[in-house]
Number of protein chains: 2
Amino acid sequence: MEDKYQFAQKIVLEAGEFLRQHLHDDLEIEEKGHFTDLVTQLDKTVQECLTKSILERYPKDRILGEESPEHLPLGQGNVWVIDPIDGTTNFIVQKADFAVLLAYFENGVGKFGLIYDVIADKLYHGGGDFPVYENEQLLPPVEPKSLKESLIGLNAGLYAQNYDGLADFADQTLGTRSIGSAGISFAHVLTGRLLAQASYVYPWDYAAASILGEKLGYTLVTTKGEQPAFYGRECVMLAPTEKIREIKGYLQ
Amino acid sequence: MEDKYQFAQKIVLEAGEFLRQHLHDDLEIEEKGHFTDLVTQLDKTVQECLTKSILERYPKDRILGEESPEHLPLGQGNVWVIDPIDGTTNFIVQKADFAVLLAYFENGVGKFGLIYDVIADKLYHGGGDFPVYENEQLLPPVEPKSLKESLIGLNAGLYAQNYDGLADFADQTLGTRSIGSAGISFAHVLTGRLLAQASYVYPWDYAAASILGEKLGYTLVTTKGEQPAFYGRECVMLAPTEKIREIKGYLQ
């Protein structure tokens, strides 16, 4: 597993370097449904490069990726879950606050996860048998603060709808922040900047955070309070395991 | 004016260095009204240091600061407007995404402004007779994009209330971002990351952005569409001057 983990770090860092080099390319931007749900040729290129690298080295493994969503069951065999650019809108508009995400599962068990904040050049990596690091700095286990001393990650739309009671929860805290990349926001939970992050997202957005978080004392649950399905789109929240019960008290 | 401008840069950078050195101090946190409106001893210390430095060198000038709000009229004499820590909650909770803000006026005319993103070590400075820079990099004049290609800075509370029609405006764009520091968010407008930033804030939060923005083709207006009063708290927006008319069409 050590080899696979080192290999994963290498290809994720290379993907980030590729994106930095192509940051000012002319982008071919497509709408995937709504005009705010965008994809570029670079999302596809990075997905293809990562897929090719993985399958050349591990030909029996399988890939679940944002840009090739086959909806594989994660419970069987070796599955790599890829989001080539998490925060594509930020990538297009801000040229910052986007991430490469990768998670690796064997028979449904998360073995390691990686969140690479490309412009900040911060790689959050570990989980499973591996300690969790931000670059070379070991991250300590969760030390949860009270809600009144904390910020949470939540976008304005979910807050305005009070989706699953998230605004009621947010109103118990110092406020919300929204940077437009679920992966980076989940990483900010792992470093203690945010108490929790809730997003309406797909498995490739939350798989890495789930594996990394579990190692440090966080749990990723749906805002209905259930295990995420790792299939389709759901509203999920990463929060300190020992705070989940209190938070559920505010959710509907 | 060149001397004064160089002096302003020096004391703002020193204030940021001081805050980085004291980032992990035990904080004495006071609530200024609501439990989410916080101030620490370091806000006060930085305000005092900046005030002392300025008045030692320019004893006839006056100070308008967040932590000494005398509500001076900006229209008379030489007035320095200071926010020692913009984004105090971020300073306390996240240890990132806070700024030192400084603006200088003579008889009501903005001469220069400074926004120092302390952890990113990015100083946005200029305005009046000075070109606008991010550190040593000259910032180009505004090149506004369409609303449908843009992000705006807006917090979840203002969005949820549709305050002055801001949600109606936001819904024309790719979405909202909220990082919890008006100063840094205004700076993201100046660099083109955000099309506009709207906040319910005080003069010390928007004075520097107003001066910097004017130099690059942006205007700071209230969300009622008026000139800001530079007195008391108002909902203001920094946006490209040539976009103001279109944006006003969505505001109430």
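This is a short chat about the interface and the cavities of a predicted two-chain model.

Colleague: What should I know before reading the numbers?
Modeller: It's a predicted model, where local features need pLDDT of at least 70 and side-chain atom pairs count only at pLDDT 80 or more, while totals for chains, interfaces and linings use all residues. Residues are numbered from 1 along each chain as its sequence is written, chains are lettered from A and ligands numbered from 1 in the order in which they are written, and side-chain values use heavy atoms, with hydrogens and water left out.

Colleague: OK, how many residues of chain B are in contact with chain A?
Modeller: 30 residues of chain B touch 30 of chain A, contact being heavy atoms within 4.5 Å.

Colleague: And how many salt bridges between them?
Modeller: Two, taking a side-chain nitrogen of Lys or Arg within 4 Å of a carboxyl oxygen of Asp or Glu. B:R193 forms one with A:D97, with the closest N and O atoms 3.1 Å apart.

Colleague: Switching topic, how many cavities of 30 Å³ or more?
Modeller: Two. A cavity here is a set of points on a 1 Å grid over the protein atoms alone where a 1.4 Å probe fits but cannot get out, and lining residues have an atom within 4 Å of a point. Volume is the space filled by probe spheres set on the points, which are joined across faces, edges and corners.

Colleague: Which residues lie nearest the centre of the largest cavity?
Modeller: A:Q94, B:R177, B:I179, B:H188 and B:L194, out of 13 lining residues. The volume of that cavity is about 70 Å³.

Colleague: What about the second largest cavity's volume?
Modeller: About 40 Å³. Its lining includes A:R177 and B:R177.

Methods
1 Å grid on protein atoms, 1.4 Å probe; cavity = no way out; pocket = protein on both sides within 12 Å on 5 of 7 lines; lining within 4 Å.
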